[in-house]
Amino acid sequence: MENSRIQQEIGDIVGTILDDYKQNRDIDKISVFNQPDQEAIINITSKLLRILFPGYFRERFYKLYSINNSLAALTEDVVYNLNKQIATVLQYSSDFSCLSGEAVTDKAEELTLEFLRTIPKIRELLNTDLSAAFDGDPAASCKDEIIYAYPGIKAISIYRMAHELYLLRVPIIPRIMSEYAHSATGIDIHPGATIGKYFFIDHGTGIVIGETTVIGNNVKLYQGVTLGALSTRGGQQLRNKRRHPTIEDNVTIYSGASILGGNTVVGHDSVIGGNTFITESVKPGSRVAAKAQELVYSSSGMAESSERIDRSGWAEFSI
């Protein structure tokens, strides 16, 4: 049977593509075995969630009847695979660029073990976050429901793990973890953000929390909130500079609010209304609202019979 046109030309096409990789651009890297493995890091993240909540996720890989044995096997699995990934990504950090050979292996082992030692700390923080979610949401029937079904608690759980790796200055892996959470929940929390106890995200879709954001205790965010930078036009020149706001204790921020800028501080016990745009600091105990739009109702489509509704008296609301 005569070769088809595709069969005849595939060799030339492959050759052209391979030649395109030889231009020494950033996108031309083809050595995959000394690069981080996204799939492996996501798998590690999923196993860490089982360690954080051992009674909530059925273990499919280890057929052990003892929870101690199961957790031991799971933890050893995480240590082995996380250690491999950390050893791989150390090449991306100027902090560890002087290391080579056994020194890289030793440093990766040290960082892996230091991270695993933070698990009890992470779990203690998550216990407060779970309490905040249950206490703050009348739609929650029980805490188990929150762990099983709420995207907010999943995003916060992964953030708290990624944050500890970020503090250890492990490159790339924390960001892969947080972007996995972003894709799974619609909630984008940079691992560099600092977040206190009793943090509650309700609904969550579209929330963005930037790298240098500082959030105090007992803070509640609704969907669509942005805690972002006022401007990023400076690009890499803004690295390591405060670009994102500070949210003090006991603040509630309703849906669609944008709070921007490294010098912007929302004082404690404030309530920020929906769809507000804030670039200046807010005093403690404030209630901030966008001026309510006028709603015009018309009867039978006749503009002349419209009724104007004044909604200037904004009050705190709950979703």
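What follows is a chat about how to read the sheets, the burial and the largest pocket of a predicted model.

Visitor: Let's start with the basics. How many helices and strands are there in the chain?

Guide: Keep in mind that this is a predicted model. The chain has 8 helices and 16 strands.

Visitor: And what holds strands together in a sheet?

Guide: The general idea is that strands of a sheet pair through backbone hydrogen bonds, and the pairing can be parallel or antiparallel. Now for the case here: one open sheet has 4 strands in the order 2-5-8-11, with parallel pairing.

Visitor: Which strands are at the edge of that one?

Guide: Strand 2 (194-195) and strand 11 (265-266) are the edge strands, and each of them pairs on one side only. Now look inside the sheet: strand 5 (residues 214-215) runs parallel to strand 8 (residues 246-247), and 2 bridges join them. You can find the spot by looking for Ile215, which stands opposite Ile247 in strand 8.

Visitor: What is the strand order in the open sheet of 5 strands?

Guide: That sheet goes 3-6-9-12-14, and its pairing is parallel.

Visitor: Why is one side of strand 3 and of strand 14 left without a neighbour in the sheet?

Guide: Strand 3 (200-201) and strand 14 (287-288) stand at the edges and each has a single partner strand, so one side of each has no neighbour in the sheet. Take strand 14: 2 bridges join it to strand 12 (residues 271-272), and the two run parallel. Within that pair, Ile272 has Val288 of strand 14 as its bridge partner.

Visitor: Okay, zooming out. How much of the chain is buried?

Guide: Here "buried" means under 20% relative accessible area. Buried residues make up 40% of the 319 residues in the chain. As for the outside, the accessible surface comes to about 18,600 Å², and 50% of it belongs to carbon and sulfur atoms.

Visitor: What about contacts between residues 24 or more positions apart?

Guide: Those account for 47% of the contacts in the chain with a separation of 6 or more.

Visitor: Last one: what is the volume of the largest pocket, and which residues are closest to its centre?

Guide: Its volume is about 1,100 Å³. Of the 32 residues that line the pocket, Tyr166, His190, Glu211, Arg239 and Asn240 are the closest to its centre. The elements giving two or more residues to the lining are helix 7 (151-167), helix 8 (173-185), strand 4 (208-209) and strand 7 (226-228). By type, the lining of the largest pocket divides into 13 nonpolar, 11 polar and 8 charged residues.

Technical notes:
Residues numbered from 1 in each chain as written. Predicted model: local features only at pLDDT ≥ 70, side-chain atom pairs only at ≥ 80, totals over all residues. Heavy atoms only, no water. Pairing = 2+ DSSP bridges. Buried < 20%, exposed > 50% of the residue type's maximum accessible area, 1.4 Å probe, protein only. Contact = heavy atoms within 4.5 Å. Areas by Shrake-Rupley, 256 points an atom, 1.4 Å probe, with all protein chains shown as cover. 1 Å grid on protein atoms, 1.4 Å probe; cavity = no way out; pocket = protein on both sides within 12 Å on 5 of 7 lines; lining within 4 Å. Points joined across faces, edges and corners; volume = space filled by probe spheres on them. Nonpolar A, V, L, I, M, F, W, Y, C, P; charged D, E, K, R; others polar.
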